[in-house]
Amino acid sequence: MKSFLDNSFLLYSKTAEKLYHEYAANMPIYDYHCHLEAEDIAQDRRYDNITEVWLGGDHYKWRLMRANGVTEDFITGSADPLEKFIKWAETLEITIGNPLYHWSQMEMRRYFNVTEPLCKKNAKAVYDQCNEIIRSKSFSARQVIAGSNVAALCTTDNPISDLKYHKILKDSDFKTAVRPTFRPELVFNLGMTGWKDYLTELGKVTGTTINNFDELVNALYARIDYFSSVGCKLSDQCMEPPVYVECDKATLNSIVQKALKGEATDATALNAYRTALMQALGEKYADAGWAMQLHIAAMRDNNSRMFAKLGANTGYDSMGDYEIAWPLSRFLDSLDKKDKLPKTIMYSLNAGSNDILAAMAGNFQGDGVPGKMQFGSAWWFNDHKDGMEAQMRALANVGLLARFIGMLTDSRSILSYTRHDYF
């Protein structure tokens with residue numbers, strides 16, 4: 001009988017065990033989309049305790065703790081690290097059915113030699129055992145990443161970043177390639193809070209003044225060139241939701257000029273702006289030889305009270321149910337007509353769109369590039385056994401599963417590499 005979460009967990013046949021142990025287990029990891037900080041890796045960050053490295057910034061765990069009635073001081077507040085860890089252990093006891101139960105136990109086993117299920121009863125002993133390892137010389141950001149057999153990872157970066165720490169890593173002896181990813185999310189928020197200030201900052205780093213759409217695009221192009229010089233090969237856009245409204249250049253310049261003056265922007269103008277910006281960026285990505293990632297159907301910051309208190313990425317996002325097929329098709333086609341459609345990875349947070357994206361990818365394959373268009377791995381709320389199987393089943397039904405790009409962590413934690421084993 002298999003022991004709890006041993007090395008053959010989820011492997012229910014001799015064939016499965018052979019494929020995993022003789023092939024998959026020893027393959028290097030290419031984590032092409034994550035939210036690790038290059039600064040932490042460059043400085044080889046060390047951690048004070050398991051709560052800091054495991055619960056800090058992990059909004060997956062925070063959501064479940066809130067659902068279990070844990071108050072915010074034990075989640076994002078100032079409670080003692082041990083008390084926070086115990087509250088998570090109490091929650092984990094009743095998390096059966098959620099992938100966090102498996103992920104958490106696998107991480108405990110892999111990185112801290114904890115072979116029994118974490119629970120309230122053993123939480124203090126496990127806390128001490130983990131901390132003894134964390135405070136040893138053998139535990140640091142780089143050592144965990146290298147020990148997880150990570151060949152390359154791609155962070156997620158603001159276009160105005162100087163990429164200082166990526167440069168340090170590029171010139172270091174760290175064997176894992178750490179590459180930036182260009183994420184121009186803030187420029188899409190036409191006229192919204194912070195948008196004008198962001199354009200001012202973008203102008204400063206490019207030595208320009210941004211007064212219209214053309215100047216905005218030129219500034220972004222300059223940053224793409226800069227990111228390329230530091231080894232960037234990927235972009236990342238959140239399409240919330242996908243839109244497609246055609247518009248002439250003069251009108252686009254006028255839309256930006258009015259927004260910079262503080263004039264109100266209607267939905268049509270906003271969607272025209274976002275469409276044109278995506279098209280301009282897509283063309284540049286193709287010229288730069290980058291891949292374009294499109295994250296679709298995330299409905300963010302739903303709880304306005306908690307957003308005001310804690311900010312973004314704190315556990316208050318969920319799935320959107322937007323109509324995506326037509327605008328996504330028209331956007332991709334507008335680039336393809338110009339022979340400017342880059343390699344593309346499309347993810348949807350709403351699993352109801354699996355078949356749509358799997359089929360959509362087939363419309364734009366070609367150019368002699370195997371798997372040019374990718375239906376990306378099960379994302380976020382779909383990142384569990386059922387979701388992974390559903391994503392791959394949809395892809396296999398209408399495309400080529402053998403050309404699938406595979407798994408990523410999408411994580412802020414250096415301990416998340418067991419998710420590749422889970423996958």
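A search of the whole structure, a predicted model, finds two cavities of 30 Å³ or more. Rolling a probe the size of a water molecule over the atoms shows where empty space is left. The largest cavity is the point of departure for this tour.

**Stop 1: the largest cavity**

Select Asp58, Lys61, Leu100, Trp103, Ser104, Glu107, Ser413, Ser416 and Arg419, the residues that line the largest cavity. The space within the largest cavity amounts to about 40 Å³. Colour the lining by residue class: two residues are nonpolar, three are polar and four are charged. Which element supplies the largest share of this lining? Helix 6 does, with four residues, and helix 6 is the next selection.

**Stop 2: helix 6**

Select residues 99–112, the 14 residues of helix 6. From its first C-alpha to its last, helix 6 reaches 19 Å, close to the 20 Å expected at 1.5 Å a residue. An α-helix has 3.6 residues a turn, so residues three or four places apart point the same way.

Is helix 6 largely enclosed by the rest of the structure, or largely open? It is largely enclosed, because 11 of its 14 residues are buried. Show their side chains: the buried residues are Pro99, Leu100, Tyr101, Trp103, Ser104, Gln105, Met106, Glu107, Met108, Tyr111 and Phe112. Then display the helices against which these buried residues pack: helix 3 (50–54), helix 4 (59–67), helix 5 (81–92), helix 7 (123–134), helix 8 (141–147) and helix 18 (418–422).

Both ends of helix 6 merit inspection. At its start, select Asn98, whose side chain places an oxygen within 2.9 Å of the backbone nitrogen of Leu100. After the helix comes Asn113, with a positive phi near 60°.

**Stop 3: helix 13**

Move to residues 267–288, which form helix 13. Three of its residues are visited here in sequence order.

Begin with Leu270, which lies in helix 13 and counts as buried because its relative accessibility is 15%. Setting aside residues up to four places away in sequence, Leu270 touches Phe188, Leu190, Met192 and Thr265. For a sense of scale, draw a distance from Leu270 to Gly147: the two are 123 residues apart in sequence, and their C-alpha atoms are 46 Å apart in space.

Next select Tyr273, also in helix 13. Is Tyr273 buried or exposed? Its relative accessibility is 0%, so Tyr273 counts as buried. Beyond its neighbours within four places in sequence, Tyr273 is in contact with Val187, Phe188, Leu190, Trp195, Phe213, Leu216, Leu252, Ile255 and Val256. Within that set, Val187 deserves a closer view, as its backbone oxygen lies 2.5 Å from a polar atom of the Tyr273 side chain. A distance drawn from Tyr273 to Asn253 spans 9.3 Å between C-alpha atoms, for residues 20 apart in sequence.

The third residue in helix 13 is Asp287. Asp287 is exposed, because its relative accessible area is 51%, just above the 50% cut-off. Add Lys340 to the selection: its side chain and that of Asp287 make a polar contact at 2.5 Å. Asp287 and Phe227 are 60 residues apart in sequence, and 14 Å separate their C-alpha atoms.

**Stop 4: backbone geometry in the loops**

Most residues other than glycine have a negative phi, and most peptide bonds are trans. Three loops offer sites to examine with this in mind.

Select Glu240 and Pro241: the peptide bond between them is cis, with omega near -10°. Pro241 belongs to the loop between strand 5 (234–239) and helix 12 (249–260).

Proceed to Ala297, in the loop between strand 6 (291–296) and strand 7 (298–299). Its phi is positive, near 75°. Ala297 counts as buried because its relative accessibility is 2%.

Trp380 lies in the loop between strand 10 (373–375) and helix 17 (385–398). Although not a glycine, Trp380 has a positive phi of about 60°. With a relative accessible area of 8%, Trp380 is buried.

**Stop 5: Asn354**

Finish at Asn354, in helix 16 (residues 354–363). Asn354 counts as buried because its relative accessibility is 9%. Display its contacts beyond four places in sequence: Phe375, Ala390, Gln391 and Ala394.

Note on methods: Residues are numbered from 1 along each chain as its sequence is written. This is a predicted model: local features need pLDDT of at least 70, side-chain atom pairs count only at pLDDT 80 or more; totals for chains, interfaces and linings use all residues. Side-chain values use heavy atoms; hydrogens and water are left out. Helices (H or I, at least four residues) and strands (E, at least two) are DSSP runs, numbered from the N terminus. The expected span of a helix is 1.5 Å times one less than its number of residues. Buried means under 20% relative accessible area, exposed over 50%, partly exposed in between (1.4 Å probe, protein chains only). Contact means heavy atoms within 4.5 Å. A polar contact is a pair of N or O atoms within 3.5 Å; within protein, one must be able to donate a hydrogen and the other to accept it, and residues adjacent in sequence count only if both atoms are side-chain atoms. On a 1 Å grid over the protein atoms alone, a cavity is a set of points where a 1.4 Å probe fits but cannot get out, and a pocket is an open set with protein on both sides within 12 Å along at least five of seven lines; lining residues have an atom within 4 Å of a point. Grid points are joined across faces, edges and corners, and a volume is the space filled by probe spheres set on the points. Ala, Val, Leu, Ile, Met, Phe, Trp, Tyr, Cys and Pro count as nonpolar, Asp, Glu, Lys and Arg as charged, and the others, Gly among them, as polar.
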